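Biologist: I am new to this model and would like a close look at one helix, with its surroundings in the chain explained afterwards. Could you start there and then carry on to other parts worth inspecting?

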Amino acid sequence: MTVNEKIAKIRSLMAQNHIAACIVPSADPHISEYVSNHWKTRAFVSGFSGSAGTFVITEKESGLWTDGRYYVQAAAELAPSEAVLFKAGEPGTPKVNDYLLENLPEGATVGFNGTLFTASAVKEMQKVFDKKSIKINTNVDYANDIWEDRPAETLTPVFYLEEKYSGRSAAEKLAQVRAKLKEEDAQALIVSKLDDIAWLYNVRANDVVGNPVVIAYAFVSQDKAILFTEGSRMPAQAAAVLEKNGVSVAPYQQVFQYVAGIQEKLTVICDEKELNYNLYQAAANNSALTVVNKEDPIPLMKACKNEVETANTYKAYLQDGCAEAEFYGWLFEALEKGETFTEWEVAEKLREFRSQQPDYQEDSFNAILAYKENAAMMHYGPKKDTAKTLERSHLLLNDSGGQYMVGTTDTTRTVALGEITQQERHDFTLVLQSVIAMTTAKFKEGTTGKELDILARGPLWKEGLDYRCGTGHGVGYLLNIHEGPQSFRNNVPLKEGMVITIEPGVYTEGSHGIRTENTAVVCKDISTEYGQFMRFDIFTVVPIDTACLDISMMTDSEIQWLNNYHKHVYETVAPHVSERAKKWLEKTTQPISK
């Protein structure tokens, strides 16, 4: 079926059931950013393959709301259909709720699957819709109803992450959570976010590509810790270790029945921003439970990596740096010989080099190998049949990473394949200056990422440039490539042990895209009479292409920073790679000067 045919089928079901609008989000029941193929419903019905977006179908119109990372990509992928692109966050673009309020008649009904929205999102929706008595039906799932060959959920074997990797046992983490519950005068917590559950119980699997999580729910009280997942894929050894740590296993879907049937009087923390609406309602409708909307304590605990996790992450980035050095050594040697490749082919080759590292498990996301104007699409992904062929000119952007037993990596480098334009050179240098400005920051304990954001954007703002995305994101430990709550766009203080990327960029549609990304850990710096100061320490050990620089734009301190960084990269990586990779490293880490 074409996208328009799918829309027509859904409209037919809407008409039969008196539904005026249908909302299809990019979510699963755990409100994950990256979902299994089973839940790629929005991509199926809309034709837009990006990871973020909401598709809305009304009687006469349909539209996709997505953010600035995807404007170019979404416009191209929606072009064959009737669907309209709504640039979320741009002036003049209504929010989904406001659009429906404006366009639906009084008393209309909006339908969607209630497990795919947080409780807070549905409550906010209802507040807006009440202005026109618009009703909500949370049992509408027409997009999945028409998906005849929908993939089944993939449930892979679960393994327990030993303390030599995790640093702390599941029992220790449960004790930490229970202590926090006591502080909040609560007796229990319901958890639905997959990476939170994986961290809490030290369990990993491969249920979602790129995210080593277990499809599961969790319930924690002072005397119970339950992992709701499909038990048949749980090896006996993993089940035994969990039992030793005080964790029992129950069937996945039983969580709704279990929560609804609790008879003990309990005050239960249900974070409305994380828990799906239907599960939240199961708790709220149980008269034995007092549901309180408080922040789930696990994300902040998970974000502050312990000493073992941090030490291991340095090892992960060394392995990743070796893989990248092998890749670039191979690529430039092959190009010199006159060989040709597509973006997709070099992405496959990069995966091959990563897979040769001892602790490699899988890629942490689909690698973005984007040449020339394709790099202006921030989350472009090369496809075998349509990938651009590389030429000996302009820029190649490589944003990729790996899942290793010793950590999760994410690195972006933009390299020249030959001659580049002065504009590309100028923009590349600006981006590097932005990276250096943030990387070298020292800040007082308690400073938020949002307060630091201007450091990276400042060099670009001076020239009227900006980027339509965050400056960086948190990174998990053998977990999700995007982890909260740390970021450079909210008011969460940056704490010791938080891992965060620093990745400003310049994206010029139809011309080029440039991004330089290092991943850093927040560390303590000096302590003075004015308080504790913090800094970033960089994990990433991949050279930055000096052939792309306009050195005349750089200050002496920026040049010194880059030379010191390249000395560190060479000394760290060179002893562990092939002669070909070592020669490439030696060439690309030579000091620069004016």
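Modeller: Start with α9, where the buried residues are Leu194, Asp195, Asp196, Ile197, Ala198, Trp199, Leu200 and Tyr201. The helix spans residues 194–201 and is mostly covered, with 8 of its 8 residues buried. Just after α9 comes Asn202, which has a positive phi, near 55 degrees. Keep in mind that this is a predicted model, and the values below are computed from it.

Two other residues with positive phi can be visited next. His394 has a phi near 65 degrees, a positive value in a residue other than glycine. The loop that holds His394 runs between β16 and β17. For Leu478, also a residue other than glycine, phi is positive and near 45 degrees. Leu478 sits in the loop between β22 (473–474) and β23. Leu478 counts as buried because its relative accessible area is 1%, and the limit for buried is under 20%. Strand β23, at the end of that loop, covers residues 483–487 and contains Pro485. The peptide bond that leads from Gly484 into Pro485 is cis, and its omega is near 10 degrees.

Now go back to β16 and β17, the strands on either side of the loop with His394. They belong to an open sheet of 3 strands, ordered β16-β17-β20, with antiparallel pairing. At the edges lie β16 (368–371) and β20 (411–416), each of which pairs on one side only. Neighbouring strands in this sheet are turned against each other by 10 degrees on average, with direction ignored. In general, strands of a sheet pair through backbone hydrogen bonds, either parallel or antiparallel. Here β16 and β17 (residues 395–400) are joined in the antiparallel sense over 4 bridges. One position to find by eye is Ile368, which stands opposite Asp399 in β17.

The loop between β16 and β17 also holds Tyr380. Tyr380 is buried because its relative accessible area is 10%, again under the 20% limit. Setting aside neighbours within four places in sequence, the residues in contact with Tyr380 are Gln73, Glu343, Ile368, Leu369, Ala370, Asn374, Ala387 and Lys388. The side chains of Tyr380 and one of these residues, Glu343, are joined by a polar contact of 2.5 Å. Gly50 is 330 residues away from Tyr380 in sequence, yet the two are 8.4 Å apart in space, C-alpha to C-alpha.

Finally, look at a pair of packed helices. Such a pair is described by the angle between the two axes and the distance between them. Helix α16 (residues 422–439) packs on helix α18 (residues 556–573) at an angle of about 80 degrees, and the axes are 11 Å apart. The angle therefore makes α16 roughly perpendicular to α18. On the α16 side the contact is made by Leu432, Gln433, Ile436 and Thr439, and on the α18 side by Glu558, Trp561 and Leu562. By type, the residues of this contact are 4 nonpolar, 2 polar and 1 charged.

How values were computed. Residues numbered from 1 in each chain as written. Predicted model: local features only at pLDDT ≥ 70, side-chain atom pairs only at ≥ 80, totals over all residues. Heavy atoms only, no water. Axes fitted to C-alpha atoms, helices over the stretch in contact; angles between N-to-C directions. Parallel < 35°, antiparallel > 145°, perpendicular 65-115°, else oblique. Contact = heavy atoms within 4.5 Å. Nonpolar A, V, L, I, M, F, W, Y, C, P; charged D, E, K, R; others polar. Pairing = 2+ DSSP bridges. Buried < 20%, exposed > 50% of the residue type's maximum accessible area, 1.4 Å probe, protein only. Polar contact = N/O pair within 3.5 Å; in protein donor to acceptor, adjacent residues only side chain to side chain.
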